[in-house]
Amino acid sequence: MPAFIKRVRALLFNLGALLLLLDLLLLIYGVFARYLLGSAPIWLDEMARYLIIGSVMLVLGALWVDGGHMRINLLEERLPAHLARWVRLYQWLAATTFFAFASWVSLRYALDAGRFRSLGLGVSRTWPLLSLPVGFSLLTLLILLRGPWPAASDTDETAGSVQP
């Protein structure tokens, strides 16, 4: 894996972890405030939801690079090497096209939702919804950078545990 992809991956995992930590702290404060102080701020649940979505969208690309996404590669394992390469190329093209499209659609949606305000935080709904196109765009970028052909060390680690 190239050093640039490793750095981007590490950055995305760290940002995602930071958002999850912040979310955890907010939720703990919310429980504390609700049960010991009598009420929690109204914006707390909404902010927790946005932080969870943001952290998931940030780490999508990093998980893809690591092979941490759910997929079934039985077909690739059973086909001859030259056909398996074509299957991987097809999967790469399909994923790149789909997530590039998802980036575009989610950006249009986020910008269109700007005329509405969130109930708890009172901010334009565009801001929290921007996590979708940012996440899908980072995922698309990392898929493009990674390419359709995994490195030899990657196929050994992620080829699956089923051996003939």
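This report walks through a few features of a predicted protein model, from its confidence to some of its helices.

**Confidence**

The protein chain has a mean pLDDT of 88, and 91% of its residues reach 70 or more. Residues 155-164 are a stretch to treat with care: pLDDT stays under 50 there, and the model has nine contacts beyond four places in sequence for them. Where pLDDT is low, the predicted coordinates should not be read in detail.

**Two residues to look up**

Try finding leucine 25 and serine 103 in the structure above.

| Residue | Helix | Relative accessibility | Class |
|---|---|---|---|
| Leucine 25 | helix 1 (residues 3-37) | 49% | partly exposed |
| Serine 103 | helix 4 (residues 81-112) | 9% | buried |

Serine 103 counts as buried because its 9% lies under the 20% cut-off. Leucine 25 helps to make a nonpolar surface patch of about 650 Å², together with Leu11, Leu15, Leu18, Leu21, Leu24 and Ile28.

**Helix 6 and its partner**

Which residues does serine 103 touch, leaving aside its neighbours within four places in sequence? They are Pro133, Phe136, Ser137 and Thr140. Now look at helix 6, residues 131-146. Its buried residues include Pro133, Phe136 and Thr140, and also Ser131, Gly135, Leu139 and Leu142. Ile143 and Arg146 are buried in helix 6 as well.

You can check the length of helix 6 yourself: at 1.5 Å a residue, its 16 residues should span 22 Å, and the end C-alpha atoms are 22 Å apart, so the two values agree. Just after helix 6 comes glycine 147, with a positive phi of about 80 degrees.

Terms used
Residues numbered from 1 in each chain as written. Predicted model: local features only at pLDDT ≥ 70, side-chain atom pairs only at ≥ 80, totals over all residues. Heavy atoms only, no water. Helix = DSSP H or I, 4+ residues; strand = E, 2+ residues; numbered from the N terminus. Expected span 1.5 Å × (residues − 1). Buried < 20%, exposed > 50% of the residue type's maximum accessible area, 1.4 Å probe, protein only. pLDDT = per-residue confidence, 0-100. Contact = heavy atoms within 4.5 Å. Patch = residues over 30% accessible without salt bridge, like charges linked within 9 Å, V, L, I, M, F, W, Y side chains within 5 Å. Areas by Shrake-Rupley, 256 points an atom, 1.4 Å probe, with all protein chains shown as cover. Salt bridge = Lys/Arg side-chain N within 4 Å of Asp/Glu carboxyl O.
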